[in-house]
Amino acid sequence: MHDITDFEARGIPSVFVASAVFVEAAETQARALGFTSAERVFVAHPIQDRSDAEMRALAEGAVDELLGKLTKGG
């Protein structure tokens with residue numbers, strides 16, 4: 001979240017991606033940083049034990065939302 005706030009402050013459009021288990025933590029961190037408008041995309045949890053094919057499927061499932069938010073159309 002710190003990186004996203006820094007990028008946005010410098011005018012670099014940014015979106016962070018995390019697994020769904022971190023929704024509440026992301027909201028809390030965004031409020032703490034005063035950056036509740038941070039764009040975010042959440043994918044299925046867990047991540048760490050997924051195969052390469054499963055990770056590609058997660059990415060493919062999130063890419064449209066990610067690009068939409070990155071271009072402020074999402």
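This is a conversation between a student and a tutor about a predicted model of one protein chain.

Student: What makes up the secondary structure of the chain, and in which order do the elements run?

Tutor: The chain has three helices and two strands. Starting at the N terminus, their order is α-β-α-β-α. The C-alpha atoms fill a box of roughly 35 × 25 × 15 Å along the principal axes, and 24% of the 74 residues are buried.

Student: Thanks! Let's take the charged pairs. How many salt bridges are there?

Tutor: The count comes to four. We can go through some of them, including the one between Arg-40 and Glu-27.

Student: Good choice. Why is the pair of Arg-40 and Glu-27 called a salt bridge?

Tutor: The rule asks for a side-chain nitrogen of Lys or Arg within 4 Å of a carboxyl oxygen of Asp or Glu. In this pair the closest N and O atoms are 2.9 Å apart, so Arg-40 and Glu-27 meet the rule. Arg-40 sits in strand β2 (residues 39–43) and Glu-27 in helix α2 (residues 23–33), so the salt bridge ties together parts that are 13 residues apart in sequence.

Student: And how do you know whether Arg-40 and Glu-27 are buried or exposed?

Tutor: Buried means under 20% relative accessible area, and partly exposed runs from there up to the 50% limit for exposed. Arg-40 has 8%, so Arg-40 counts as buried. Glu-27 has 33%, so this partner is partly exposed.

Student: What about Glu-8 and Lys-72: what makes them a salt bridge?

Tutor: Their closest N and O atoms are 4.0 Å apart, and the cut-off is within 4 Å. The pair is listed as a salt bridge. Glu-8 belongs to helix α1 (residues 2–9) while Lys-72 is in the segment after α3, so the two tie together parts 64 residues apart in sequence.

Student: Why is Lys-72 called exposed, and what is Glu-8 called?

Tutor: Exposed means over 50%; Lys-72 has a relative accessible area of 52%, so Lys-72 is exposed. Glu-8 has 23%, so Glu-8 is partly exposed. Lys-72 also has a positive phi, near 65 degrees. For background, most residues other than glycine have a negative phi.

Student: Now a pair inside one helix. Where do Glu-65 and Lys-69 lie?

Tutor: Both are in helix α3, four residues apart, which is about one turn of the helix. In general, an α-helix has 3.6 residues a turn, so residues three or four places apart point the same way. The closest N and O atoms of Glu-65 and Lys-69 are 3.4 Å apart, so this pair too satisfies the limit of 4 Å. With 15% relative accessibility, Lys-69 is buried, whereas Glu-65 at 37% is partly exposed.

Student: What else can you tell me about α3, starting with where α3 bends?

Tutor: The helix bends by about 45 degrees at Ala-62. Ala-62 is also one of the buried residues of α3, together with Leu-58, Gly-68 and Lys-69. These buried residues pack against β1 (15–19) and β2.

Student: Which residues form the nonpolar patch on the surface?

Tutor: Val-63, Leu-67 and Leu-70 do, with about 220 Å² of accessible area together. Patch members need over 30% relative accessible area. Leu-70, which is in helix α3 (residues 52–70), has 33% and counts as partly exposed, so Leu-70 passes that limit.

Student: How many aromatic pairs are there, and what makes the pair edge-to-face?

Tutor: The count comes to one aromatic pair. Phe-16 and Phe-42 are 6.1 Å apart, centre to centre, with 90 degrees between the planes. Centres within 6.5 Å make a pair and planes over 60 degrees apart make it edge-to-face, so Phe-16 and Phe-42 fit both conditions. Phe-16 is in strand β1 and Phe-42 in strand β2, 26 residues apart. Phe-16 is buried at 12%, and Phe-42 is partly exposed at 24%.

Student: Last one: which residues does the cis peptide bond join?

Tutor: His-45 and Pro-46, where omega is about 0 degrees. Pro-46 lies in the loop between β2 and α3.

Definitions and conventions. Residues numbered from 1 in each chain as written. Predicted model: local features only at pLDDT ≥ 70, side-chain atom pairs only at ≥ 80, totals over all residues. Heavy atoms only, no water. Patch = residues over 30% accessible without salt bridge, like charges linked within 9 Å, V, L, I, M, F, W, Y side chains within 5 Å. Areas by Shrake-Rupley, 256 points an atom, 1.4 Å probe, with all protein chains shown as cover. Buried < 20%, exposed > 50% of the residue type's maximum accessible area, 1.4 Å probe, protein only. Bend = angle between axes of the 7 residues up to and from the residue. Contact = heavy atoms within 4.5 Å. Phe/Tyr/Trp six-rings, centres within 6.5 Å; stacked < 30°, edge-to-face > 60°.
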